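Hi everyone, thanks for making time this morning. I'd like to walk you through one model, going from a helix pair to the sheet and then to a few backbone details. Have a look at it first.

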Amino acid sequence: MSTEQQYFENAITLDSYMAQMESNQEKSYSIYEKFELPEDPEFIHLLKEKQPHVLVITEDWCGDAMMNNAILRKMVEAAGVQVRCVYRDQNLELMDQYLTNGGRSIPKYIILSKEGEVLGDWGPRAPKVQEFVTEKRSILPEKDDPQHDLHLKTVIGEISDGFAWNSDFWQAVYEDLRKTFIEVLK
C-alpha cells in the first residue's frame, strides 16, 4: 500500500480539482470568492514556517467538500501551503484508514509534515456545521418509511443551500481548521 506522502505526490492540486468539478463547482467557487480570510498573521506565519502538505480525500458531489475545500483553499493560498486531492471512491484503501464513526465521510484532510509524516487529520465537518446537519436530519422519517427518500432529498438540498450561503458556517470551518492545524504543527 502507498504511504500518504506517495498519495500526495501522485494527486492533483486543489485548484485543478476545483477547476474540473462536475458537481457543485459554481457553489464552491462562489464560497471561495466570497469567503474573506480573517486577519491572522500568527497563524499564516505558522503555516508558512512549517509548510505542511495537505492531502484531501474528496468527491465533487459532496456538499461538505463543496464548502470546506473552498475555505481550505483560501487559507493555504495565503501561506503558500501545498494541497493535493484524491477522489475517495478511487482510493478506498486510503479512505478506510480515515473513517469517521465507521463511515467514509468526506472531505478528510490529512496533514503531513514536509517530509511526509502524518501529523493529524481533520474532517468532515466543523462542530457548528455538524449541529446544523444533525438538526436538519432529525426531522426525517424512519428509513423504512415510504416518504424517507423524498424527505431526504429535500433535507440534503436545504443543507447544501445552507453551506452555499451561510458565512457563519464558513467561519466555523475556518476556525476549526485553524485549531487543528495549530494543534498538529506546534
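H7 crosses H8 in a right-handed sense. Please keep in mind that this is a predicted model. H7 covers residues 127–137 and H8 covers residues 148–165, and the two pack at an angle of about 155°, with 10 Å between their axes. That angle makes the pair roughly antiparallel, because anything over 145 degrees counts as such.

So who meets whom there? From H7 we have Val129, Phe132, Val133, Lys136 and Arg137. On the H8 side they meet Leu152, Val155, Ile156, Glu158, Ile159, Gly162 and Phe163. Sorted by character, the residues of this contact come out as eight nonpolar, one polar and three charged.

Let's move to the sheet. It is an open sheet of five strands, with mixed pairing, and the order reads S1-S3-S2-S4-S5. Which strands stand at the edges? They are S1, residues 12–13, and S5, residues 118–122. Each has a single partner strand, so one side of each has no neighbour in the sheet.

Staying at the S5 edge, S4 is made of residues 108–112, and it runs antiparallel to S5, joined to it by four bridges. If you want to find the register on your screen, Ile110 sits opposite Asp121 in S5, and Leu112 has Val118 as its bridge partner. The hairpin of S4 and S5 has five residues between the strands, and Gly116 in that hairpin takes a positive phi near 100°.

Now for the helices that lie across the sheet. H5, residues 63–79, lies across S2, S3, S4 and S5, and it runs at about 165° to S2, the strand of residues 53–58. H9, residues 167–185, lies across S2, S4 and S5, and here the angle of about 165° is to S5.

On to the backbone details, beginning with the cis peptide bonds. The bond from Ile106 to Pro107 is cis, with omega near 0°, and Pro107 belongs to the loop between H6 and S4. The bond from Gly123 to Pro124 is also cis, with omega near 5°. Pro124 is in the loop that links S5 to H7, which takes us back to the helix pair where I started.

Next, some asparagines. Asn24 shows a positive phi of about 65° although it is not a glycine. You'll find Asn24 in the loop between H2, residues 14–19, and H3, residues 25–34. Asn101 has a positive phi too, of about 50°, again without being a glycine. Asn101 is located in the loop between H6 and S4.

Is Asn101 buried or exposed? With a relative accessible area of 82%, Asn101 is exposed. Asn91 is another story: at 16% relative accessibility, Asn91 counts as buried, because the cut-off for that is under 20%. Asn91 is in the loop between S3, residues 82–87, and H6, residues 92–95. What does Asn91 touch, once we leave out residues up to four places away in sequence? The answer is Tyr7 and Val86.

That's my tour. If you'd like to look again at one spot, I'd pick the S4 and S5 hairpin, with Gly116 and its positive phi near 100°. Thanks for listening!

Conventions: Residues numbered from 1 in each chain as written. Predicted model: local features only at pLDDT ≥ 70, side-chain atom pairs only at ≥ 80, totals over all residues. Heavy atoms only, no water. Axes fitted to C-alpha atoms, helices over the stretch in contact; angles between N-to-C directions. Parallel < 35°, antiparallel > 145°, perpendicular 65-115°, else oblique. Left-handed = near helix turned anticlockwise from the far one by under 90°. Contact = heavy atoms within 4.5 Å. Nonpolar A, V, L, I, M, F, W, Y, C, P; charged D, E, K, R; others polar. Buried < 20%, exposed > 50% of the residue type's maximum accessible area, 1.4 Å probe, protein only. Pairing = 2+ DSSP bridges.
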